[in-house]
Amino acid sequence: KLQSLGMDTEIMDRYGAVSPETAQAMAVGLQGICQADIVLAETGIAGPIRGRSPKPLGSTCFAMYTPTGMVTEEQCFEGGRETIQAKITEHALDMIVRYLTQS
């Protein structure tokens with residue numbers, strides 16, 4: 001995340017890997033790389049173990065960079081790894097659809 005997206009390490013050190021701030025920094029880095037009008041980044045804990053994060057399994061932060069500003073959302077999904085990954089994907093696509101239909 002840090003190297004590929006050119007993120008400041010202080011953001012993850014300060015807020016953690018699963019945080020709105022980290023997701024926003026990821027979205028900004030991704031937008032800088034691909035120059036797309038809309039980019040969406042997510043960071044979360046799909047399992048099977050929680051790792052070092054104090055947040056529960058399924059915790060996910062989304063950030064969507066758009067021409068009208070940054071949109072962030074936090075969710076906590078339940079289930080096994082594959083189920084959580086599917087729910088993350090569905091939520092990310094839903095965020096994009098909501099933005100496009102409301103704009």
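**Exercise 1. Decide whether F77 is buried or exposed in this predicted model.**

Step 1. Take the relative accessibility of F77, which is 10%.
Step 2. Compare this value with the cut-off: buried means under 20% relative accessible area.
Step 3. F77 therefore counts as buried.

**Exercise 2. Describe the aromatic pair that F62 and F77 form.**

Step 1. A pair of aromatic rings is described by the distance of the centres and the angle of the planes.
Step 2. The count of aromatic pairs comes to 1. In this pair, the ring centres of F62 and F77 are 6.4 Å apart, and the angle between their planes is 85°.
Step 3. Planes over 60 degrees apart count as edge-to-face, and the pair of F62 and F77 is edge-to-face.
Step 4. Now place the two residues along the chain. F62 belongs to strand 2 (residues 59-66), while F77 sits in the loop between strand 3 (69-76) and helix 4 (81-102). They are 15 residues apart, and the pair links distant parts of the chain.
Step 5. Check the burial of the partner: F62 has a relative accessible area of 0%, so F62 is buried.

**Exercise 3. Work out the surroundings of S59 in strand 2.**

Step 1. The relative accessible area of S59 is 8%, so this residue is buried.
Step 2. Look for a polar partner. The S59 side chain reaches the backbone oxygen of P56, at 2.7 Å.
Step 3. List the contacts, leaving out residues up to four places away in sequence. S59 then touches V18, T43, G44, I45, Q75 and C76.

**Exercise 4. Identify the residues of the largest nonpolar core and the elements that supply them.**

Step 1. In soluble globular proteins, nonpolar side chains tend to be buried together.
Step 2. The largest nonpolar core here has 11 residues: M7, V18, A23, A25, M26, A27, V39, A41, I45, C61 and A63.
Step 3. At least two residues of this core come from each of helix 3 (20-34), strand 1 (39-44) and strand 2. Helix 3 gives the most, with 4 residues.
Step 4. Another core, of 9 residues, lies apart from this one; among its members are A46, F77, I84 and I88.
Step 5. Take A27 as an example from the largest core. Neighbours within four places in sequence aside, A27 is in contact with V39, A41, A63, Y65 and M70.

**Exercise 5. Decide whether E82 is buried or exposed, and relate its position to A46.**

Step 1. E82 is a residue of helix 4.
Step 2. The relative accessible area of E82 is 60%. The cut-off for exposed is over 50%, so E82 is exposed.
Step 3. E82 and A46 are 36 residues apart along the chain, and 7.8 Å separates their C-alpha atoms.

**Exercise 6. Summarise the protein chain as a whole.**

Step 1. The secondary structure comes to 4 helices and 3 strands. Along the sequence, the pattern reads α-α-α-β-β-β-α.
Step 2. For 103 residues, a compact globule would have a radius of gyration near 13 Å; the chain has 14 Å, which agrees.
Step 3. The C-alpha atoms fill a box of roughly 35 × 30 × 15 Å along the principal axes.
Step 4. Buried residues make up 33% of the 103 residues. The chain exposes about 6200 Å², of which carbon and sulfur atoms supply 51%.
Step 5. Of the contacts with a separation of 6 or more, 44% are between residues 24 or more positions apart.

Conventions
Residues numbered from 1 in each chain as written. Predicted model: local features only at pLDDT ≥ 70, side-chain atom pairs only at ≥ 80, totals over all residues. Heavy atoms only, no water. Phe/Tyr/Trp six-rings, centres within 6.5 Å; stacked < 30°, edge-to-face > 60°. Buried < 20%, exposed > 50% of the residue type's maximum accessible area, 1.4 Å probe, protein only. Polar contact = N/O pair within 3.5 Å; in protein donor to acceptor, adjacent residues only side chain to side chain. Contact = heavy atoms within 4.5 Å. Core = buried A, V, L, I, M, F, W, Y, C linked by side-chain atoms within 4.5 Å. Rg over C-alpha atoms; globule rule 2.2 N^0.38 Å. Areas by Shrake-Rupley, 256 points an atom, 1.4 Å probe, with all protein chains shown as cover.
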